[in-house]
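Me: I would like to learn how to read a protein model feature by feature. Take me through one, please.

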Amino acid sequence: MKPLIFAVLMLNSVVMIAQQKTISRKELLKTALDQKVKSTEIQEITMAAGQGAPEHLHPCPVLGIINSGEAVFQIEGHEKVVLHTGDAFYEPKNVKILHFDNASAEKPLVFTAIYLKEGNEENIKFIK
């Protein structure tokens, strides 16, 4: 009987270890692109406390994720939203971005931007 109990305990241990190493996935963003992507550029961008970006657009689609801090984000024709740490965002090609501002007056905003390029487009064009 002891070998059976030992085998059951070993099996339980293996199952518990396997469960602890399970990979989990959380969907952050789904979007359709209306272009072929031939290259990408990935940048980590830091904005000082209280800093805002001027109105701008991107000649290529941009995907991103907030690494730390919070951003006030508004695409022309849409409501302002606040993006929190871990939130993903999408900035469409050639659409005015009215706000991408650090929401905090005390802490920096850090985010990763992924530029999806069809050719030699610039990453950003400032409007004002």
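Reply: Begin with secondary structure. Helices (H or I, at least four residues) and strands (E, at least two) are DSSP runs, numbered from the N terminus. With that, Asn94 can be placed: it is found in the loop between strand E6 (88-91) and E7. The model is predicted, so local features need pLDDT of at least 70 and side-chain atom pairs count only at pLDDT 80 or more, while totals for chains, interfaces and linings use all residues. Residues are numbered from 1 along each chain as its sequence is written, and side-chain values use heavy atoms, with hydrogens and water left out.

Me: How many helices and strands does the protein have, and in what order do they run?

Reply: One helix and nine strands. From the N terminus the order is α-β-β-β-β-β-β-β-β-β.

Me: Is Asn94 buried, partly exposed or exposed?

Reply: Buried means under 20% relative accessible area, exposed over 50%, and partly exposed in between (1.4 Å probe, protein chains only). Asn94 has 48%, so it counts as partly exposed. Check its backbone too. Asn94 is not a glycine, yet its phi is positive, about 55 degrees.

Me: What does His58 contact, leaving aside its neighbours within four places in sequence?

Reply: Contact means heavy atoms within 4.5 Å. With those neighbours left out, the partners of His58 include Asn94, along with Glu91, Pro92, Lys93 and Ile97. Tyr115, Asn123 and Ile124 are also in contact with His58. His58 sits in the loop between strand E2 (56-57) and strand E3 (62-68). Its relative accessible area is 2%, so His58 is buried.

Me: Which partners does Met47 have, under that sequence filter?

Reply: Met47 is found in strand E1. It touches Gly52, Ala53, Phe100, Asp101, Asn102, Pro108, Leu109 and Phe111. Take Asn102: it is 55 residues from Met47 along the chain, but their C-alpha atoms are separated by 6.6 Å. At a relative accessible area of 7%, Met47 is buried. Now the whole protein. Among contacts between residues at least 6 apart in sequence, 76% join residues at least 24 apart.

Me: Why look for a nonpolar core?

Reply: In soluble globular proteins, nonpolar side chains tend to be buried together. A nonpolar core is a set of buried Ala, Val, Leu, Ile, Met, Phe, Trp, Tyr and Cys residues joined through side-chain atoms within 4.5 Å. The largest one here has 15 residues, of which Ile66, Phe73, Leu83, Phe89, Phe100, Leu109 and Phe111 touch the most other members. Two or more residues come from each of E3, strand E4 (71-75), strand E7 (97-102) and strand E8 (109-117). E8 gives the most, with four. Consider Phe89. Beyond four places in sequence, its contacts include Leu29, Val62, Gly64, Ile66, Phe73 and Thr112.

Me: Which residues lie closest to the centre of the largest pocket?

Reply: On a 1 Å grid over the protein atoms alone, a pocket is an open set of points where a 1.4 Å probe fits, with protein on both sides within 12 Å along at least five of seven lines; lining residues have an atom within 4 Å of a point. Of the 19 lining residues in the largest pocket, Ile45, Ala53, His56, Phe111 and Ile124 are the closest to its centre. Strand E1 (39-47) and E8 each supply at least two lining residues. E1 has the largest share, four residues.
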